[in-house]
Amino acid sequence: MKKLLLLFSLMAITTINAQKADYKAIPSELVAENNIFEVSGKNASELYQLTKSWIAREYSNPQRVMKLDDENKSIKINYHFDITSPSKVKVKYNLLFDFKDDKVRVTFTDIGDTYGTKYSKFFDEYGSPKKSKSIQKSISTLENYVSNFIDDYIAYLKKGEDW
């Protein structure tokens with residue numbers, strides 16, 4: 001019985017520490033059941049600075065994409081994803097980072113159409129994804145890409161600027 005309790009405790013700890021991003025597409029947003037990520041040992045100021053470093057690494061013109069820079073509290077980005085594989089998807093987005101000690105909240109809003117992808121056409125009038133295989137593949141491609149994008153960001157925060 002003690003071994004069983006130990007096993008369940010270990011599994012729970014592993015699950016908590018292995019927090020992964022899991023964003024889902026809905027009309028005009030990408031939402032996650034939990035979009036607040038724990039980054040132990042980093043205060044809001046450190047998370048803010050690391051995020052600015054990550055943005056400089058990820059975006060070719062960081063000053064142009066940052067629409068809000070509220071020091072140690074929030075950063076807002078306006079840009080687009082241009083995904084080419086396994087399905088071509090290009091959508092614009094707003095990405096908001098909010099910082100607190102040991103935590104960062106990552107929110108995607110205003111997901112919208114581009115000349116290459118009509119995101120609004122992915123959903124019916126009730127907000128449900130359309131059943132077309134190509135649309136389902138595009139939604140899956142976007143969700144996987146965004147989830148991996150945020151997983152990489154969180155890994156960067158945890159690792160810091162080690163080079």
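Across this whole structure, a search turns up 16 aromatic pairs. Keep in mind while you click around that this is a predicted model. Let's walk through a couple of those pairs.

Start by selecting Phe81 and Phe108. Their ring centres sit 6.0 Å apart with the planes at 45°, so this pair is tilted. Now colour by secondary structure: Phe81 is in strand β5 (residues 74–83) and Phe108 is in strand β7 (residues 103–112), so the pair ties together parts 27 residues apart in sequence.

Switch on a surface next. Are these two rings buried or exposed? Phe81 counts as buried because its relative accessibility is 3%, and Phe108, at 0%, counts as buried too.

Keep Phe81 selected and add Tyr145. Here you'll find an edge-to-face aromatic pair, 5.4 Å centre to centre, with 75° between the planes. Follow the backbone from each side: Phe81 belongs to strand β5 and Tyr145 to helix α4 (residues 133–159), so this pair ties together parts that are 64 residues apart in sequence. Check the surface again at Tyr145: with 36% relative accessibility, Tyr145 counts as partly exposed, whereas Phe81 is buried at 3%.

For the last stop, which residues form one aromatic cluster? Select Tyr23, Trp54, Tyr59, Tyr79, Phe81, Tyr93, Phe97, Phe108, Tyr145, Phe149 and Tyr153 and show their side chains. Among them are the three you've already visited: Phe81, Phe108 and Tyr145.

Methods: Residues numbered from 1 in each chain as written. Predicted model: local features only at pLDDT ≥ 70, side-chain atom pairs only at ≥ 80, totals over all residues. Heavy atoms only, no water. Phe/Tyr/Trp six-rings, centres within 6.5 Å; stacked < 30°, edge-to-face > 60°. Helix = DSSP H or I, 4+ residues; strand = E, 2+ residues; numbered from the N terminus. Buried < 20%, exposed > 50% of the residue type's maximum accessible area, 1.4 Å probe, protein only.
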